[in-house]
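Reader: I'd like a close look at a single part of this model, with enough of the rest to place it. Could you pick a spot in the core and walk me outwards from there?

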Amino acid sequence: MVLPQRGEGIVLQTARCIVRSFEERDITSFIAYRNNQKWMLYQGFKGLTEATYKETLLTDGTLFEGKQLAIVSLLTDQLIGDVFLKLEKQVLWLGYTIAPEFGRQGYAYEVVRELIGWAKSHHYTVKAGVLTGNQASIGLLTKLGFTYLETVEGELIYQLCE
């Protein structure tokens with residue numbers, strides 16, 4: 001797997017999906033789950049306008065700036081979620097969201113596991129922030145080998161165990 005530089009497309013492929021840069025055709029599906037206040041209870045980057053999402057998602061960026069990437073089904077070519085990556089020195093921060101109709105089917109586990117493999121091969125420390133109460137995300141991180149590190153401004157910080 002090679003993570004994107006400016007203007008590059010596919011980031012990685014798993015058994016059931018690809019992670020790639022967002023495309024115009026993804027925006028409607030993205031808005032549908034990102035603006036679902038009940039589903040997005042524990043997530044940031046929600047409740048925004050289409051113009052704001054487009055400006056953020058369709059603009060080239062780097063991992064150093066933070067990059068939101070689309071998770072797309074290999075079978076249907078449909079957007080099923082997204083992952084956020086940001087590289088700060090030797091720390092890869094990650095966040096993930098799966099659309100409700102694809103939740104609890106292992107997609108986040110599959111994608112994050114692949115990202116962990118890439119990060120390890122580059123000797124990055126992997127961290128993720130989770131809001132208190134987000135038991136599904138805490139469970140996923142624990143299953144993937146993360147441990148609780150600290151709480152910063154109300155957010156639980158988890159780090160991948162070496």
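**Around I71**

Author: Let's start at I71, which touches C17, I18, V19, Q78, L79, I80, G81, D82, V83, I98 and V111, leaving aside residues up to four places away in sequence. Keep in mind that this is a predicted model.

I71 also has a place in the bigger picture. The largest nonpolar core holds 48 residues, and V19, I71, L85 and F146 are the ones that touch the most other members. Helix α3 (residues 107-121) gives this core its largest share, 8 residues. As a general point, nonpolar side chains in soluble globular proteins tend to be buried together.

Now take a couple of the neighbours of I71. C17 is one of them, and C17 is buried, because its relative accessible area is 0%. If you're wondering about cysteine pairs, a search of the whole structure turns up 0 disulfides. C161, for its part, counts as partly exposed, because its relative accessibility is 34%.

D82 is another residue that I71 touches. The side chain of D82 makes a polar contact of 2.6 Å with the side chain of R34. R34 belongs to helix α1 (residues 27-34), and R34 counts as buried because its relative accessible area is just 3%.

Follow the chain on from I71 and you get to S73, in strand β3 (residues 67-73). With 8% relative accessibility, S73 is buried too. Not counting residues up to four places away in sequence, S73 touches R16, C17, Q78 and I80. C17, Q78 and I80 also turn up among the contacts of I71. A polar atom of the S73 side chain sits 3.2 Å from the backbone nitrogen of L75.

Next, helix α4 (residues 135-143). Its buried residues are S137, I138, L140 and L141. Those four cover an arc of only 160° around the axis, so they lie on the same side of α4. That goes with a general rule: an α-helix has 3.6 residues a turn, so residues three or four places apart point the same way. The face of α4 turned away from the buried side carries the exposed residues Q135 and K143. What do the buried residues of α4 pack against? They pack against β5 (91-98), α3, β6 (125-131), β7 (146-152) and β8 (155-160). Just after α4, G145 has a positive phi of about 100°.

One of those packing partners, β8, is where you'll find E155. E155 is partly exposed, with a relative accessible area of 31%. Its contacts, again leaving out residues up to four places away in sequence, are G129, V130 and E150. E155 and V130 are 25 residues apart along the chain, and their C-alpha atoms are separated by 5.6 Å.

Finally, zoom out. The chain has 4 helices and 8 strands, in the order β-β-α-α-β-β-β-α-β-α-β-β along the sequence. Of the 162 residues, 44% are buried. Among contacts between residues at least 6 apart in sequence, 53% join residues at least 24 apart. The chain exposes about 8500 Å², with carbon and sulfur atoms supplying 52% of that area.

Key. Residues are numbered from 1 along each chain as its sequence is written. This is a predicted model: local features need pLDDT of at least 70, side-chain atom pairs count only at pLDDT 80 or more; totals for chains, interfaces and linings use all residues. Side-chain values use heavy atoms; hydrogens and water are left out. Helices (H or I, at least four residues) and strands (E, at least two) are DSSP runs, numbered from the N terminus. Buried means under 20% relative accessible area, exposed over 50%, partly exposed in between (1.4 Å probe, protein chains only). A polar contact is a pair of N or O atoms within 3.5 Å; within protein, one must be able to donate a hydrogen and the other to accept it, and residues adjacent in sequence count only if both atoms are side-chain atoms. Contact means heavy atoms within 4.5 Å. Accessible areas come from the Shrake-Rupley method with a 1.4 Å probe; for residues, only the protein chains shown count as cover. A nonpolar core is a set of buried Ala, Val, Leu, Ile, Met, Phe, Trp, Tyr and Cys residues joined through side-chain atoms within 4.5 Å. The arc is that of the directions from the helix axis to the C-beta atoms. A disulfide is a pair of cysteine sulfur atoms within 2.5 Å.
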